[in-house]
Each structure stands twice: as structure tokens, then as C-alpha cells.
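Here are my notes on this two-chain model, set out point by point. Have the structure open as you read.

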Amino acid sequence: MSRAYLAAEQAGVRAIAVTATAFMGMQRATGKAIGLPDLRIAEYPGVITIDGEETFDRNVRERVFPELMERIREPVKAVVAEAADPAPRDIVCRGSFDDIQEHFHRRLWSDGLPIVPPTLDRVERFLEFTDRDPDEILGVLLPEMREATVWSVAVNGVMAGCRPEYFPILLAVVEAVADPEFRLLHAGATPGWEPLVIVSGDLVRTLNFNYQAGAMRVGSQANTSIGRFLRLFMRNVAGLRSFPGQTDKGTLGMTFNVALAENDEAVIGMGWQPFRVDRGFAREDTVVTVQSVVAISPPIYSGGDTPETQLEFITSIFGTTCGPWTFSGLVYGNWHPLLVMSPVVAKVFADNGWTKDRIRQHLYDSLKIPASTMERYFWHVAASRWKVKDAVLEGTIPALYAASDDPDRLVPMCLKAEWINIVLAGDPGRNQSRAYINNHEHGVPVSRRVVLPARWKELLASAQPKASTT
Amino acid sequence: MHDPQFDVVWPLARHAQTNAPTAGTAPVRARAALDLNSATVAFLWTYNRKGDRMYDIMKGTLRGEYPDIRFVDYDAFGNIHGASEREVVAAIPQLLQQHKADVAVIGVAG
């Protein structure tokens, strides 16, 4: 909405935003971030989706409309932008470890955990691990419209506790989320989704990612610090600050995801192609994919030595995790759920001649939901009168979704079989999977190849741990 | 014992020069108070949160007070929070100018 507001103002038209009370802080913070510190707002006093018609009409007549008139009638003051930002190498704070922590916490530059102080020498050590110019702009990140530079990636990588040799991966992560297709600006939406970094390729082993038991737990330095990095980067450079009155309106939100590393030996060993090849890259590449996660299934245990028995609960629990939120995929024409399988589960399929495509097709064919359930759920989410048929008429989804007028007709939960992703990770000795559901067009999977510097082997050798155990 | 001292750099990044205002510029120009008797009010909508009902109430009240007021309905713009958000927002300046709008009511966040 702020961008529509800005577009109107830039056209010389007086804009007034209509905003419910709980979103006033976010509107003002976003407005300030894009150069509109005096956003004109007519406030709706309450929760629109909860209020009945009588209350709603009264609030509009007695509260919203008078404020709207006031905002229309008052003269518009010119807005002048604030002073320039610090230069990259400027020292913004000097102090002890505790002083630095306090300085960063107070300014919302941290995530609540202690950060590694981003000193010039630490940042410069990271920069050795790329051949790119520190000032190169990887993208402009909304909502604060800041420039994601190679330098800013290094600073936040230091803060997150990454090792310098992770830097090529961090750059690929930021390139992925800076792609407009990823729609990072919506990471502050009320569903409260989190990005998930998936790493596929030789660097998984080179950099000691954990892809086996406890792969998605905090613990491994590579998985954990890279996951933490992305959340810090979103906070500091995109401006998605999760604190009341700031730009992040996740109602409850989720904690950051550690990076998910694919078990290359397992997937190649059973004759399947690795995830990076599914994503259109070469087997010899290391590829980073970033997608949103808005829901994670409970552990899905699947027994037996046939695909049919394995799928019994994979299918049903996958479907219940998608649930009525599937409507959002239809509204926006994007839906990319991810199935993470432990290798022993995948091997049952592979041994019986099943490919990943066949599993995808099975899930697509099996997962159905009544159209009325999704329409009703959208009403709960946003007081919308949207119908599945509307999305068909708009050309967002195929005609089969409006094949009949029966409001309870069953329609596919997944828009395209090929949009269901499959990655192997987890304890190779246990028969478990999990579904990770992305948030429609917010955070669609975007992949980037990791580019190593010319001196990679030499740099890597110099980066080996030096800690003594004595 | 003295604690080690750290000189640290800024973890944010500068605002993009192409979109955000630079220091000293004015993205919002000063304008005088508006006479609604001859004004055109455009309604832009996220297509949810009862905005259609809200705008009907607003339009009815405005029309009662200012018989010559003109409106541009949200359908002239499309859903500012839908699948085509980027294209819809990009077209707003031109459409507002085309309809000679004086005011843009933009809702609904909630």
C-alpha cells in the first residue's frame, strides 16, 4: 500500500491511506523508509476482519470518514529527506564487546543474540573470498530501498558468526532474495514466513554442512550461521525489523531456519538427480536456492518397502499441512511446497523404479480440497468475498478449477506437479520426512550458482581452524 | 584488566538513489488546501478487508456534501495487492493523471 501511496504522491496527487489501528506503526515506518515520514492516514479503530457490519459501518462513518476529510482539507507540507547515511568504512561505534552489543541492540541492528563486532579487518577478511568489487550492488531491497552491496553482505556475515569461507554462499543467497521474483518486501506480511536456504553441491561437504541427523537444528556452524545471516541481512538491509511498530507485521512469526543441505551421496547413489539439477543447473555446480516457509509439517513417518505404503501418510500429512491456506496459492498463482525426505525413505521409491517426478505427480493427483473451504478461509483471513472462479476468470489458475458450479467441488491443492520440490536430508537411518510449505508468490524458490574466487583453494587452506584443544 | 576495544562499521546500507529521496530533495511537494466542490477523488483498493463497503459509505457521504464531486472507482486501477501488484502500482501515476484525480484514497491495511 505504501508503494501505491508513493506512486500517487509522485504523480502530484494528494494521497491518504486507510489503515487499521494495528498497522499504523508499520505504515509509518514503511513510509519513513521510502521517504514519506508524514504519511497521511485515516485510521480504522479496530480489527476489520473481526468487526460485524454494524460496528464496521459506524466506525467508517464516525471515525474513518472525519479523519479522511481532515487529511484531505489540510495543506500538504513539503517533505525533505534526512541527512546522508554513513559511508561503508566509517566507524559508527568504538567500545568494548558489551558496548558494541548495547549499541547494536538499541538501534535494532541485531537479532537479540550477541553479534560478532563487524570490525574493518574482519570485513576485509571476508572480502578476500570474492573477486567482486565491494561496492557492487546486488539489488535494491524493499521495504527500505537500501542497496544490498557486496560490502553489506560481508558486514552482516561477520555479525552472524559466519566463517569467511562461507562468503561466496552468502553472496549467492543475497542475489537470490534480491531477485524481484522472490518478493522479499513481503517478508513482513502477517503470515510471518521465514526464508529457507537450500544448499546443493560439493560445497556442502567442503564447508562441513550437516545434512544428516538433526540437519534442521541449530548446531552446525555452516547451517546455523548462514541461516542467521539471512535474517540479520533482511533486518538491516531490507529493513524488515521485527519489533512492535516496525516494518515486520508477522502476527506471531517464526524463528529463522538453519540452512538445509542436500545429501548428495544419497541422492546420486540411488540414481536420482540432485536438487540443483532439478533447478536447471549443472551437477558440478554448487547452487543456493532460497524459498519462503510459512508452515512445517509434523514428522511424517512412513514404513514398508513399497511406494504405496510409504505414500499413505506422506500424502495425507503433506495435504493437511498445506490445508486451506492453499487458497493463497490460487489467488497469486504460485505454490511451491517442498518435501524433505530422509534417504532411507527415498530409497524405497528409487528401488521400485519411482522418480521424483512420479512422486510429484502422485501428490498433485491425490491432494484435493473443496473450493468452498478455501473461499471460506480467505474470508477469515481478510474478510474477502473472493471465489475460486474469480482466479480462473483473471487467468491466474487453469479452467479446471471452475469445472462445475458445485461450491464443494474438489480442486487440486498444488497448481503444478513440477512446482513440488524434493530434497534428501536427515538421518539416513530413520524413515521420516517433513513438508515445508512456501507462502504462495511471497518467497517463490529462486536459485543462484555459487561463484568461487580464483584463489579459492589457497584461501580455503588458509581458513582452516586454528583453535587448540589444550 | 582492560576490555578489548572494537571499532565497528555500519551494518545497514545506503538508500537507493534511484527511488528514495536524497538529502535535500522533496518527494512530497507542498500544496494548498483543496476545494472538494470541484474535485476528483480516486479510490484504490487491496480488494479485501471490506474496502468496497467502506468506499460506498465514503462516496455516499461525500456526494451528499459535495454534489459536483467526481469519483474514480478502484476497478479503474485493479488490485493493488494482488497477483499483478507490480504492474498495477506502476500504472497508478498515469491513470491518476488521465482521470485528473486530485485525491487518492488508498486502502485497506488491516
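**Notes on the model**

1. Let's begin at a turn. A:P143 sits in the loop between β4 and β5 of chain A. Keep in mind that this is a predicted model. The peptide bond leading from A:L142 into A:P143 is cis, and its omega is near 10°. The flanking strands, β4(A) and β5(A), make a hairpin with four residues between them, and A:M145 in the turn has a positive phi of about 55°. Most residues other than glycine have a negative phi, and most peptide bonds are trans.

2. Now the strands of that hairpin. β4(A) covers residues 137-141 and β5(A) covers residues 146-149; they pair in the antiparallel sense over four bridges. If you want a pair to click on, A:I137 stands opposite A:T149. β4(A) is mostly covered, with four of its five residues buried.

3. Two other non-glycine residues deserve a look for their phi. A:R183 has a positive phi near 60° and lies in the loop between α7 and β6 of chain A. Is A:R183 buried or exposed? It is buried, because 23 other C-beta atoms lie within 10 Å and the cut-off for buried is 20 or more. A:H440 also has a positive phi, near 40°, and belongs to the loop between β15 and β16 of chain A. A:H440 is buried too, with 27 other C-beta atoms within 10 Å.

4. On to a sheet in chain A. Four strands form an open sheet in the order β7-β6-β8-β16, with mixed pairing. β7 (260-261) and β16 (446-449) are at the edges with a single partner strand each, so one side of each has no neighbour in the sheet. β6(A), residues 194-200, pairs with β7(A) in the parallel sense over two bridges, and the bridge partner of A:V199 in β7(A) is A:A261. Helix α7(A) lies across β6, β8 and β16 of chain A, at about 50° to β8(A).

5. What about the largest nonpolar core? This core has 178 residues, and those touching the most other members are A:L170, A:V173, A:V197, A:L260, B:L44, B:A104 and B:I106. Helix α7 (residues 167-178) of chain A gives the most to the core, with ten residues. In soluble globular proteins, nonpolar side chains tend to be buried together. B:I106 is a good one to select: not counting residues up to four places away in sequence, B:I106 touches B:L44 and several residues of chain A, among them A:M1, A:Y5, A:I16 and A:V18.

6. The contact between the chains takes 85 residues from chain A and 57 residues from chain B. On the chain A side, helix α3 (residues 53-73) gives the most, with nine residues. By class, that side has 53 nonpolar, 16 polar and 16 charged residues. Strands pair across the chains as well: β3(A), residues 91-95, and β1(B), residues 6-9, run in the antiparallel sense over four bridges. A:R94 has B:D7 as its bridge partner.

7. Chain B has two helices and four strands, running β-β-α-β-α-β from the N terminus. Of its 110 residues, 43% are buried. Among contacts in chain B between residues at least 6 apart in sequence, 76% join residues at least 24 apart. There is a cis peptide bond here as well, joining B:G107 and B:V108 with omega of about 15°; B:V108 is in strand β4 (residues 103-109) of chain B.

8. Last, some helices of chain A. For the 16 residues of α12(A), 1.5 Å a residue predicts a span of 22 Å, and the end C-alpha atoms are 21 Å apart, which agrees. Its buried residues are covered by elements including α13, α14 and α15 of chain A. A:G323 follows α12(A) and has a positive phi, near 55°. In α14(A), the buried residues are A:P343, A:V345, A:A346, A:V348 and A:F349; they pack against α10 and α12 of chain A, among other elements. A:G269, in α10(A), is 78 residues from A:K347 in sequence but 9.4 Å from A:K347 in space, C-alpha to C-alpha.

Conventions:
Residues are numbered from 1 along each chain as its sequence is written. Chains are lettered from A and ligands numbered from 1 in the order in which they are written. This is a predicted model: local features need pLDDT of at least 70, side-chain atom pairs count only at pLDDT 80 or more; totals for chains, interfaces and linings use all residues. The expected span of a helix is 1.5 Å times one less than its number of residues. Two residues are in contact if their C-beta atoms, placed from the backbone, lie within 7 Å. Ala, Val, Leu, Ile, Met, Phe, Trp, Tyr, Cys and Pro count as nonpolar, Asp, Glu, Lys and Arg as charged, and the others, Gly among them, as polar. Two strands pair if DSSP finds at least two bridges between them. A nonpolar core is a set of buried Ala, Val, Leu, Ile, Met, Phe, Trp, Tyr and Cys residues joined through C-beta atoms within 7 Å. A residue is buried if 20 or more other C-beta atoms lie within 10 Å of its own, exposed if 12 or fewer, and partly exposed in between; C-beta atoms are placed from the backbone. Axes are lines fitted to C-alpha atoms, for helices over the stretch in contact, and angles run from 0 to 180 degrees between N-to-C directions.
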